Every structure is written in structure tokens, then in C-alpha cells.
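Got the viewer open? Let's take a short walk through this one, selecting as we go.

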Amino acid sequence: MAELTVLDEKLAEVLGLAQAAQQATRKVSQLARREGEGELVELLQRMSAEAADTAQRCQQVADEREGLKTAIREKARETKREVAEFMETYLEDAEALDGLEFLSMAEAGELAHWEILDTLNRRARETAVRQLVESVLPIQRRHVNDVRESSLRLAADEDPSEPA
Ligand SMILES: [Fe+2]
């Protein structure tokens, strides 16, 4: 299979992370629904749709990388699988707050990867990658903030002396 550059590998990783985020937000929205957290369900559904859109945009950029389409897809699948395995372990018998804790790690990791891709591309100067990063970074920053705020709101409603 074609050899990926550092830039292509990072593109594959943000693609895989967006695909994983789509699944993770859907899973946590189910937990939130069970607890009657309607507003949180809506937020997570919006995030899931944005993750799907991000994945699609990454895919479009990847498809334009000459001869690397398959290798990028393969690497993205690997990244997605790694996150999915971590999610399964973390979210066994989970409540919505556990779900948000998982998402806080996943979304922060996703943001870190986008910032790294942004930095790599300052030297690579690929127009398609620059446009992709510029459109996704603000959304990704908002995801990190929204998850943080939601988790703290749920935590404030918890009775700390209850059995865990
Ligand atoms: Fe996200």
C-alpha cells in the first residue's frame, strides 16, 4: 500500500476521530435520553451531525490526495477502531456523566489532532487542508467547551454522598 506522509497520516487520524465521535456522541445521547436530559440529547445529536459532516469533508480532501485514498481510509479505520475499543471499556454500565467524561477525553484528543494538522500544514501549505482546518477548528473548540460545561452541570446535580 502507498506510503503516507506525516500530513496524510494526520488527515487520516482526524477522519477516523470524526467517525468515532459520530458514534460516541450517539451512544452518550442514548444515556442522556434514559435520564431525561432532553437538552443534552439535543446537543449530542447536533455534535453527532457535525462529526458526520466533518468526516465527509475530510473524506473529500483525502480522496483528492493522489493515489493515497485507500491508504488514508485504512489508517482512518484503524484510528476509529482504537477509540471504539476504548469507548466500550469506558462506557460499560455507564451513566450520562460517565459518557460526558469519555467525550471530554475524545473531544480534547480530537482538538489536539486538528491543531497538529494545522501546524503541519503551515509548512505543507496545502490549500484544501487549510480550508478544511479553518472550517473545523472552531466547531471542534466548541465541542470541547460544550462537553465540559454539560459535564459540570450534571456533576453539580449529583449527590456526592450517594453510593457510586
Ligand atoms: Fe468533535
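What is the mean pLDDT of the chain, and what share of its residues reach 70 or more? This is a predicted model, so colour by confidence before anything else: the mean comes out at 96, and 99% of the residues get to 70 or more. Among the elements of the chain, helix α5 (residues 127-157) has the highest mean at 98, while α3 has the lowest at 95.

**Stop one: helix α3**

Select residues 69-90. That is α3, 22 residues that reach 32 Å from the first C-alpha to the last, close to the 32 Å expected at 1.5 Å a residue.

Now show side chains for A71, I72, K75, A76, T79, V83 and M87, which are the buried ones in α3. Look down the axis and you'll see why they belong together: they cover an arc of only 155°, which puts them on the same side of the helix. Bring up α1 (6-34), α2 (38-63) and α4 (96-124) as well, since these are what the buried residues of α3 pack against.

Then flip the view. On the face turned away from the buried side sit the exposed residues T70, E85, E88 and T89.

**Stop two: K75**

Stay in α3 and pick K75. Is this lysine buried or exposed? K75 has a relative accessible area of 18%, and the cut-off for buried is under 20%, so K75 counts as buried. Show what surrounds K75: setting aside neighbours within four places in sequence, the contacts are L4, E9, A12 and E13.

**Stop three: the iron ion**

Next, centre on the iron ion. Which protein atoms act as donors here? Select E107 (OE), E110 (OE), Q140 (OE1) and H143 (ND1); they lie 2.1 to 2.7 Å from the ion. If you put angle monitors on the four donor atoms, expect values from 76 to 175°, an irregular site.

Along the chain, the donors follow the spacing E-x2-E-x29-Q-x2-H. E110 lies in helix α4 and Q140 in helix α5, so this pair ties together parts that are 30 residues apart in sequence.

Finish by switching on a surface and checking those two residues. E110 counts as buried at 3% relative accessibility, and Q140 is buried too, with a relative accessible area of 2%.

Methods. Residues are numbered from 1 along each chain as its sequence is written. This is a predicted model: local features need pLDDT of at least 70, side-chain atom pairs count only at pLDDT 80 or more; totals for chains, interfaces and linings use all residues. Side-chain values use heavy atoms; hydrogens and water are left out. Helices (H or I, at least four residues) and strands (E, at least two) are DSSP runs, numbered from the N terminus. The expected span of a helix is 1.5 Å times one less than its number of residues. Buried means under 20% relative accessible area, exposed over 50%, partly exposed in between (1.4 Å probe, protein chains only). The arc is that of the directions from the helix axis to the C-beta atoms. Contact means heavy atoms within 4.5 Å. pLDDT is the predictor's confidence in each residue, from 0 to 100. Donors are N, O and S atoms within 2.8 Å of the metal (3.2 Å for Na, K and Ca); water is not among the atoms, so sites may look incomplete. Four donors count as tetrahedral if all angles lie between 85 and 135 degrees; four count as square planar and six as octahedral if opposite donors are over 155 degrees apart and all others between 65 and 115; anything else is irregular.
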